[in-house]
Amino acid sequence: MNACVLFPSEEPQLRSQLEAYLEWLGNQAAEIPGLKAFLLAGGYGRGEGGIFFPPDGSPPRLYNDLEFYLFAPPVAPGVIASWAHEGENRLGIEIEIKVMDPAAFEAAEPSMFYYDLLSRHGFVAGDQSWIDSLPAELSEAAAIPPEEGSRLLVNRGMSLLRCHRWSQGEIELPAGFCERILSKLQLALGDSVLCALGTYHWSCLERNRRLSALQEVPPDWDLLCAWHAEGVAFKFRPTDSGLPPSDWAKPIDLLRRAWLSTFLWIEARRLSTGFSGPASYASFSKKLFPEEPALKNVIRQIRDLRRREHLPFCGGDHPRSRIWKALVLLLNGSFDPEASNLLGAPTLRGIALEERCRALWKHYP
């Protein structure tokens, strides 16, 4: 096995536990017929995983989930579940193992996900030559479409909706959940700009360094850079302040406003247009995804009419265009009929409307 150095060497016991599990997992996966590769992604796979030092002085522990990708023919769900359960018992963190079709990966288009995974990962089992044979552009940062920066912010924006409700005392969330989510958003605000400008990098340390060299930047850039540095620090040494939800209301509001201005700046640049604000974006009449063939989008929508969760007809644009527009309105606090109509739910408001937005987004990430 050739796994990455997953975190600083000053915690040899944690390193030993993790490497023992990876070795065990690699031996299990090696028995799968047709296995191409088994990779550890995420922070630990890139050598940037965090270690949590409990404030009560108890032993440090791993913090991030472990994210694995198994490139092989279909594997029985029970097998995957047993592997994950073994890791959770050993390490005390959540284990996620996704099985992916090797042929689909070989034909994949460039994206931030593929770039991150192939540029730096923990090799658990399989055939390294298969990875080396994949299209070179999947490992090139410059090949990542600008749309990926916007998609990253949409992903973080969906979680920000929940954190906002939590800060208002309207919903409950697990301890430390929002602190982790907000830290990810601090990183994403800067990372999305790097992606939009074609200067993204797999390492958060290198991305942080590159921010200061940018000439074309969105509003409040100094603040976004400071937040990114805080996000990097949290990534390596996460904390749990234990502050009540109400204490997070102001920071969340600041991040919400920064999300809106950064997202609209990136989208205006991507679409070569100008947006005066959230309402302007939500009423944009042209395609948000002009690179998507109109006929393909129409066929996609006809197919999806069979699903319970589907959107009103979007013409020749991708269905996710309505979700992105609605999210901008929701994060702007605009619980008006326009957001409801975009999501095909004219009677919904507040939390119910946000949950519908999130449910639809899972179908069109």
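**Notebook: cysteines, cores and strand β4**

I looked first for disulfides, and the structure holds zero of them. I note that the model is a predicted one.

Why does C225 form no bond to C204? I found the closest cysteine sulfur to that of C225 in C204, 14 Å away, which is too far for a bond; a disulfide requires two cysteine sulfur atoms within 2.5 Å. I also looked up C178, which is buried, with a relative accessible area of 2%.

I turned next to the nonpolar cores. The largest has 66 residues, and within this core W259, F263 and I323 touch the most other members. I then listed what F263 contacts, setting aside neighbours within four places in sequence: S150, L153, V154, Y281, W324 and V328. Apart from the largest core lies another, of 30 residues, which includes L25, L40, Y63 and L66. As a general remark, nonpolar side chains in soluble globular proteins tend to be buried together.

My last entries concern strand β4, residues 66–71. Is β4 enclosed or open? I recorded five of its six residues as buried, so the strand is largely enclosed by the rest of the structure.

I then traced the strands that pair with β4. Strand β1, residues 37–40, pairs with β4 in the antiparallel sense over four bridges; here A37 has F71 of β4 as its bridge partner. Strand β5, residues 95–100, runs parallel to β4 and is joined to it by six bridges. In that pairing I found E67 opposite E96 of β5.

Finally, I noted that β4, helix α3 (residues 77–91) and β5 form a right-handed β-α-β unit.

Conventions. Residues are numbered from 1 along each chain as its sequence is written. This is a predicted model: local features need pLDDT of at least 70, side-chain atom pairs count only at pLDDT 80 or more; totals for chains, interfaces and linings use all residues. Side-chain values use heavy atoms; hydrogens and water are left out. Buried means under 20% relative accessible area, exposed over 50%, partly exposed in between (1.4 Å probe, protein chains only). A nonpolar core is a set of buried Ala, Val, Leu, Ile, Met, Phe, Trp, Tyr and Cys residues joined through side-chain atoms within 4.5 Å. Contact means heavy atoms within 4.5 Å. Helices (H or I, at least four residues) and strands (E, at least two) are DSSP runs, numbered from the N terminus. Two strands pair if DSSP finds at least two bridges between them. A crossover is right-handed if, with the strands pointing away from the viewer, the path from the first strand over the helix to the second runs clockwise.
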